[in-house]
Amino acid sequence: MDMKTKKNFVLDTNVMLHDYDCLSNFQENDVYIPITTLVELDRFKKGSEQINYNAREFVRRLDAITSGDFHLKGASLGDGKGTLYVVAGTEYHAKVAASFPERIPDHCILSCAMTVSEMHPGMKTVLVTKDINMRMKARSLGIMVEDYNTDKVKDVNIFEKAQEIYTGIDATFIDSLHTNRDGIPADDFRAAYPQIDLSANECCVLESGRNSVLVRYNPFSGTVRKIDKGASGYGIQARNTEQKFAFEILNDPDIRLVGITGKAGTGKTLLALASALKQARQYKQILLARPVVSLANKDIGFLPGNEKDKVGPYMQPLFDNLNVIKGQFSSNSQEVRTVDEMLKNGKLVIEALAFIRGRSLAETFCIVDEAQNLTPHEIKTIITRTGEGTKMVFTGDIQQIDSPYLDRQSNGLAYMVDRMRGRKLFAHVNLVKGERSELAELAADLL
């Protein structure tokens, strides 16, 4: 190995909390763990949140690869991989102290990175952190620094535009799609329009000079089929093309995993819940959940009541969507009585995501709201809990991320859409037009 190309990577605590398997992702390079990070991990090991699990699992893996003389010669990270070291007993670097005299964990990690760099002047030393402010501090000191890029999505353009509109389609071809309820075989469609490469469950608009049709490539039937323009769910009517696409994939029981993205007010959660209620008889339970990003913040401890009472205010937007649906009917209607009965008997459950972790979800229509605030590993953990007959729907806006260590490219929702795109059981629709109100749409676009 050329020492000029091999690197030293110093890890911040948030990398380990983000991905407990991070040590396997640095190829032939050496990895240094500041002793400060182990102290910080100790503070996170107790609890039921994903971040607590990650802390415990990382330490277990660390324990499995280290031995008695680890402090002298480090530990191998595997065949073809580098060596792992824990940096302990170093003095607080004078250059760091001059800029950051307060010896908080972040500054101690910066000091460690600078010390490792000076210990190996012939090699590049890079601090890896998901904390943007930490990266700015490192750069101000001349320390090479990077984000943890292993699970980052490269192309996020799909979260900024509507589904494709293909023009120049032959009018008779569009007429045949309107009249043929079974659709057109996908092979015939590809032969006629090889320039249009539709992936599994992709929806689009086909236009001729005088006519148009909304279609979806259905991988289960192997056809390109017309989408019902009157798509609806439990009193909620689709108001635009993207919402019609959303109902198309939400109402199809064959599609087991759905991603609905879009800015505030586009109807992501409302459409998902309306579809779930429409299909309630096909499932044993409808579960609507969202992560409470500030759950680790002590301020919710001052809220009254038990744990569920404390997170109740964070669930209110989900109840607001339910009330919008109930508002489509008269207060004494059968539809409203059905929803109230479902809430009473536990067939419709609205709660914090933390309370469903660890459960096996069978025959459940599960909607996870605000999924952009989940890590890729959290998304994976939730999906792998699905049992037979379960449909998982993740909704969110990657422009509104509340976690300090996630961004548009590294959040779990974008990661899921990127990895699952084109799979038979998965579909994604990006909602563009806001339908909450004219004012809400204006604010979402301009503010």
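This note reviews the aromatic ring pairs and the charge-over-ring contacts in a predicted model.

1. Overall count. Nine aromatic pairs are found in the model when ring centres within 6.5 Å are taken as paired. One of these is formed by Tyr32 and Tyr85, whose rings are stacked, with 4.9 Å from centre to centre and 20° between the planes. Tyr32 belongs to strand S2 (residues 30–34) and Tyr85 to strand S4 (residues 83–87), so this pair ties together parts that lie 53 residues apart in sequence.

2. Accessibility of the stacked pair. Tyr32 has a relative accessibility of 5% and counts as buried, because the cut-off for buried is under 20%. Tyr85, at a relative accessible area of 26%, is partly exposed.

3. An edge-to-face pair. The ring centres of Tyr283 and Phe365 are 5.5 Å apart and the planes meet at 85°, so the pair is edge-to-face. Tyr283 is located in the loop between helix H11 (268–278) and strand S15 (285–290), while Phe365 is in strand S17 (residues 364–368); the pair therefore ties together parts 82 residues apart in sequence. Tyr283 is buried, with a relative accessible area of 4%, and Phe365 is buried as well, with a value of 0%.

4. A ring cluster. Phe9, Phe26 and Tyr148 are linked into a cluster by ring pairs.

5. Charges over rings. Lys137 lies over the face of Phe100, 5.4 Å from the ring centre. At Tyr217, the charged end of Arg190 sits over the ring, at 5.3 Å from its centre.

Note on methods:
Residues numbered from 1 in each chain as written. Predicted model: local features only at pLDDT ≥ 70, side-chain atom pairs only at ≥ 80, totals over all residues. Heavy atoms only, no water. Phe/Tyr/Trp six-rings, centres within 6.5 Å; stacked < 30°, edge-to-face > 60°. Helix = DSSP H or I, 4+ residues; strand = E, 2+ residues; numbered from the N terminus. Buried < 20%, exposed > 50% of the residue type's maximum accessible area, 1.4 Å probe, protein only. Lys NZ or Arg CZ within 6 Å of the ring centre and 35° of its normal.
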